[in-house]
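Please find below a short set of remarks for a colleague who is opening this entry without earlier acquaintance. They are meant to be read alongside the sequence and the model.

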Amino acid sequence: MKGFGGISKIAVWTSICCTVLAVGFVVIDLGQPLRLWELFAYSNLGSPLMWDIAVISIYLILSVVYLWATLRAEAGKVSEKALRVISVVALVTAVLVHSVTAWIFGLQQAHESGTPPCLRLVLSSALVCGVALVLVVVIALRKAGYLELDQHVVKLVKMLGAFVVVDLYFFGCDLLTAASRAARAPRSSPCWSSGPPRPFF
C-alpha cells in the first residue's frame with residue numbers, strides 16, 4: 001500500500017517469521033519432527049492438516065518471493081507491475097491460510113458442540129493481530145533508532161483501530177448467535193415447563 005514507506009518490508013519480514021513458526025506448530029502437532037516425512041509419503045488430501053500445510057508452505061514461499069521482488073524493485077530490476085501481481089497472489093494465499101484455519105476450528109467445534117465455523121471473525125482477528133504485531137515491531141525499531149517513521153505509525157494506529165472495530169462487531173454477532181442458539185435449545189431440566197423454547201429475537 002502506498003504511503004507506508006519501509007513498513008511494507010517490515011510487515012513481510014514479520015509475516016515470514018510468523019509463517020515459519022506456524023510450520024513449527026504443525027510439526028509439534030505431528031508429535032515428533034521425525035514424522036514430518038510421513039506427511040509427504042502418506043499425504044491425505046482430504047485431511048485439514050494437509051490443507052494447512054499446503055497453504056502455509058505456499059504462503060511462505062510467496063512471502064520470500066515478495067520480499068525478494070520488493071528489494072529488486074527498489075534497485076530498479078523488477079517492475080511495479082510484477083510486484084503488484086506477486087502481492088495480489090500473496091494476498092489471496094493469505095486469505096486461504098486463515099480460511100483453512102477457520103475451517104479447522106470449525107470442524108473441531110462442530111465435532112464438539114455443533115457450532116459452525118466463523119470465517120469472518122478469524123479473518124478480522126488476523127488483521128488485528130497482524131497490524132498490531134507490525135506496529136509493535138515498528139515502534140521497537142524506532143525506539144532503537146533504526147527507523148524514522150512517525151507519520152507511518154499514526155497511519156498504522158488508525159488502521160488498527162478500524163480493524164478492531166470490525167473485529168468487535170463480528171465478535172458481537174457471534175455472541176448474539178450463540179445466545180440465540182442457547183435460548184432456542186430444549187431444556188432437559190424438569191424445572192422447565194414443557195413446550196417449544198421461546199425464540200431469542
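The numbered points below take up a helix, a surface patch and the aromatic pairs.

1. The reader should bear in mind from the start that this is a predicted model, and that the values quoted here are computed from it.

2. Helix H1 covers residues 7–30, and because a rise of 1.5 Å a residue over its 24 residues should give a span of 34 Å, the 35 Å between its end C-alpha atoms agrees with expectation. The buried residues of H1 include Ile7, Ile10, Ile16, Val26, Val27 and Leu30, and also among them are Thr14, Ser15 and Thr19. Following H1 comes glycine 31, which has a positive phi near 105°.

3. On the surface, Trp51, Trp103, Leu107 and Leu119 together make a nonpolar patch of about 350 Å². One of these residues, leucine 107, belongs to helix H4, which runs over residues 80–113. Its relative accessibility is 46%, so leucine 107 counts as partly exposed, a class that lies between buried, under 20%, and exposed, over 50%.

4. Searching the whole structure gives 2 aromatic pairs. In one of them, the ring centres of tryptophan 37 and tyrosine 42 are 5.9 Å apart and the ring planes stand at 55°, so this pair is tilted; tryptophan 37 and tyrosine 42 are both exposed.

5. Tyrosine 169 and phenylalanine 170 have ring centres 5.7 Å apart and planes at 55°, so that pair is tilted. Tyrosine 169 has a relative accessibility of 55% and therefore counts as exposed.

Terms used: Residues are numbered from 1 along each chain as its sequence is written. This is a predicted model: local features need pLDDT of at least 70, side-chain atom pairs count only at pLDDT 80 or more; totals for chains, interfaces and linings use all residues. Side-chain values use heavy atoms; hydrogens and water are left out. Rings of Phe, Tyr and Trp (its six-membered ring) pair if their centres lie within 6.5 Å; planes under 30 degrees apart count as stacked, over 60 as edge-to-face and the rest as tilted. Buried means under 20% relative accessible area, exposed over 50%, partly exposed in between (1.4 Å probe, protein chains only). Patches are made of residues with over 30% relative accessible area and no salt bridge: like charges are joined within 9 Å, nonpolar side chains (Val, Leu, Ile, Met, Phe, Trp, Tyr) within 5 Å. Accessible areas come from the Shrake-Rupley method with a 1.4 Å probe; for residues, only the protein chains shown count as cover. A salt bridge is a side-chain nitrogen of Lys or Arg within 4 Å of a carboxyl oxygen of Asp or Glu. Helices (H or I, at least four residues) and strands (E, at least two) are DSSP runs, numbered from the N terminus. The expected span of a helix is 1.5 Å times one less than its number of residues.
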